[in-house]
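Colleague: Hi! Could you walk me through this one? I'd like to start with the charged residues.

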Amino acid sequence: MEPANLFTVLRRYWRLLAGCTVAALIVGFVLTPTGDTVDNGKWQCKVAITPVAGAADTVRADQVLSYAQGSAVTTAAAQKLHITDVAGLSARRTVAAASTQMLVFTTTGPTQQSCADLAAALSEATITGYGQESKKSADESIKRLRAQADAQQQQLDDLQKQFSRANATDQAKLQPQLSTATAALTKTLGAIADLQNYSQTDAIQQWGSIDAKELGGNLLTSPTRSVRLVLAVVLGLALGVVAALMLSRMDTRLRTRDGVEEAFNLPVIGEIPRLSRRLRRLREPLVTARPEDPATEAYRSLRSTLLLTGPRALSVQLGQGGLDPDDRRARRATGPAPVVLVMSGRSGDGRTTTVANLAATLAETGRQVLVLDCDFRQPGLRGQFGVDEGPGMAELLSGEQLPNLVDLIRRTNVSGVALITGGNTTAYPAALVLRAGEVLELARRHADVVLIDSSPLLHANDAYDLVQHADTVLVTVMAGNVRPEEADRVSELLARTGVPVAGVALLGAEGTTGRRKRTPRPGRPATKAAPAEKTAGKATGKAAAKTAPPVPEQQRRAEPPPRVEPQRRAGEHQRPADPRPGAPVYGEGPDRRDGATSWGRRPAELPPEEPAETTLQLRLGEER
């Protein structure tokens, strides 16, 4: 992943990063002790204890281990080291049997000296304490054996007296008893002597020297709480970055121009940057509220692209050198205004905002724009243009007889823009667009451009019913709001209608990586003409040349040479040809500019030729 894309992902999931960081900070604060502590696990020391020479038979390893694990050894070591926290000292030492004749103490400490001192204190406390316990036990045994020896001595004395008084025959009988008593007394006295020697010497001893080595610390044993919290923050950020990258991989929503063009199979003709919350709360179009804002320039770029690549009637005024009112009225009588339908696949795609700002940018070029709010479920254009509530498109479309269109056109806070609000929808919204064709024919004669705001295509059928009456369609997409399968569905529905699509306006664009080469999708009609079509076109041209009247020589010289029309891009939506003979085709004929591509057909019913009064012109205060 490129660094720019990585920063984009992190900026998108900044809440996740902040949450992971705060969670790690709280966990680190709770799990670590209060205040600054020392790292007791930095050093580790080991010391071994074995029985002394000759005492292996009398010293039992299990007894020594049991004594070493008792609290008496730890208390004695704490007193020797002048440490009052006996429980903390117990946590820093462990003792285990390395073999049947060896015990090993393992201690930890912040420094090598403290670790070694603790190991030595524990070893000394065990040797001394176990020796004292052994001497005490030996003294008790000696005392018991001495009493037994006294009894045996008394028995032996009695036998000797009897032996001295008896005759030879009785002495022979008493001799075995006398020998047995003498042997028992000798054995008892020998045991007493052994115990006296054992109690006067140590039973166990330290084996070798103390082995010390340095260990690494961890988050919970850092020297200070501040260091631990810093480490927790770093760990939380790392976890947040990993989680953000994983979510970015699993998130298939469209966010970049490349993804939008690939999913819709349509060009992105405008990229509007993400607006701040303050700008989104404005109660007027951004174009008029912030003329110098970068987003305003992006809307102007969208307008210019739409004029240059859109229908002929949408940009016809650019090449006439002016916008004279009389010329405008005459042109409206013979060439009604184009209708641009702004639609989206889902709600929240910035459709209403785009309509308001596009109308303001078109008005900057001197055009008079009439905006129709046909989003009967969530109308929002009234708030964008500062227009009060009142009758509108709902009353215009649902009445038995069409009300006067002039009475419904409202002035707005943008010069050159008028609005017909959504009105009060009392009927089912889908039934309101059944008479849209008749209403749009009237609306075409009262403005230079007609913009329509509709309901989301995937949520309601209103937009699909309005498409057939539009001259071109502009699709809006909010970055991160549409999935590829939804975009494919929108593209498929538009392809079935055959309405020319100007392109896609991407709102909240995060970044671009260059245009991708779009390939036609399966099932889309190819745009290259078949050989039979080319032959038919040539034959038609020859027949027209034969039947056409002769052209004067000067006019032939003034006409530019014929040019080859550019091939339509693969996958571009194209309205099917009108099957009726003689039906005029919009974009073809004498009113077509050189080099302009065909954008579909005009409505079959042409407006009357008599001059029509320009109501929008009166509404906006323009002089006749």
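Modeller: Happy to! Arg300 is a good place to begin: this residue is buried, with a relative accessible area of 16%. Keep in mind as we go that this is a predicted model.

Colleague: Which residue meets the side chain of Arg300 in a salt bridge?

Modeller: That's Glu297, with an N to O distance of 2.7 Å. Glu297 and Arg300 both sit in helix H12 (residues 294-309), 3 residues apart, or about one turn of the helix.

Colleague: And is Glu297 buried or exposed?

Modeller: In between: Glu297 is partly exposed, at a relative accessible area of 40%.

Colleague: How many salt bridges does the structure hold?

Modeller: There are 13. Another one pairs the side chains of Arg382 and Glu389, at 3.8 Å from N to O. Here Arg382 is partly exposed at 34% relative accessibility, while Glu389 counts as exposed at 62%. There's a network too: salt bridges with shared partners join Glu297, Arg300, Arg303 and Glu364.

Colleague: What does Arg351 form a salt bridge with?

Modeller: With Asp453, and their closest N and O atoms are 2.8 Å apart. That pair links distant parts of the chain, since Arg351 is in helix H15 and Asp453 is in strand S10 (residues 449-453), 102 residues apart.

Colleague: Why does Asp453 count as buried?

Modeller: Because its relative accessibility is 0%, and the cut-off for buried is under 20%. Arg351 counts as buried as well, at 7%. Leaving aside neighbours within four places in sequence, the contacts of Arg351 include Val342, Asp375, Ser454, Pro456 and Thr476.

Colleague: Nice. Changing topic: how many disulfides are there?

Modeller: The count comes to 1 disulfide. Cys45 and Cys115 form it, with their sulfur atoms 2.5 Å apart. Cys45 lies in strand S1 (residues 43-51) and Cys115 in helix H6 (residues 112-165), so the disulfide ties together parts that are 70 residues apart in sequence.

Colleague: Are those two cysteines buried or exposed?

Modeller: Cys45 is buried at 0% relative accessibility, and Cys115 is buried at 0% too.

Colleague: Now the hydrophobic side. How many residues has the largest nonpolar core?

Modeller: It has 51 residues, and those with the most contacts inside it are Phe264, Leu372, Met393, Ile452 and Val475. Apart from that core lies another of 38 residues, among them Ala298, Leu307, Val342 and Leu451.

Colleague: What is Leu372 in contact with, leaving aside its neighbours within four places in sequence?

Modeller: Its contacts include Leu381, Met393, Ile420, Leu440, Val450 and Ile452. Asp453, the salt-bridge partner of Arg351, is also in contact with Leu372.

Colleague: Which residues make the nonpolar surface patch of about 590 Å²?

Modeller: Val22, Ile26, Val27, Phe29, Val30 and Leu31. Phe29 is in helix H2 (residues 14-31) and is partly exposed, with 46% relative accessible area.

Colleague: Where is Val73?

Modeller: In helix H4 (residues 71-81), where Val73 is buried at 1%. Beyond four places in sequence, Val73 is in contact with Tyr67, Ala68, Leu122, Ala125 and Thr126.

Colleague: Last one: what does the secondary structure of the whole chain come to?

Modeller: It comes to 25 helices and 12 strands. Of the 624 residues, 43% are buried. Among contacts between residues at least 6 apart in sequence, 81% join residues at least 24 apart. The accessible surface is about 33200 Å², with 54% belonging to carbon and sulfur atoms.

How values were computed. Residues are numbered from 1 along each chain as its sequence is written. This is a predicted model: local features need pLDDT of at least 70, side-chain atom pairs count only at pLDDT 80 or more; totals for chains, interfaces and linings use all residues. Side-chain values use heavy atoms; hydrogens and water are left out. Patches are made of residues with over 30% relative accessible area and no salt bridge: like charges are joined within 9 Å, nonpolar side chains (Val, Leu, Ile, Met, Phe, Trp, Tyr) within 5 Å. Accessible areas come from the Shrake-Rupley method with a 1.4 Å probe; for residues, only the protein chains shown count as cover. A salt bridge is a side-chain nitrogen of Lys or Arg within 4 Å of a carboxyl oxygen of Asp or Glu. Helices (H or I, at least four residues) and strands (E, at least two) are DSSP runs, numbered from the N terminus. Buried means under 20% relative accessible area, exposed over 50%, partly exposed in between (1.4 Å probe, protein chains only). A disulfide is a pair of cysteine sulfur atoms within 2.5 Å. Contact means heavy atoms within 4.5 Å. A nonpolar core is a set of buried Ala, Val, Leu, Ile, Met, Phe, Trp, Tyr and Cys residues joined through side-chain atoms within 4.5 Å.
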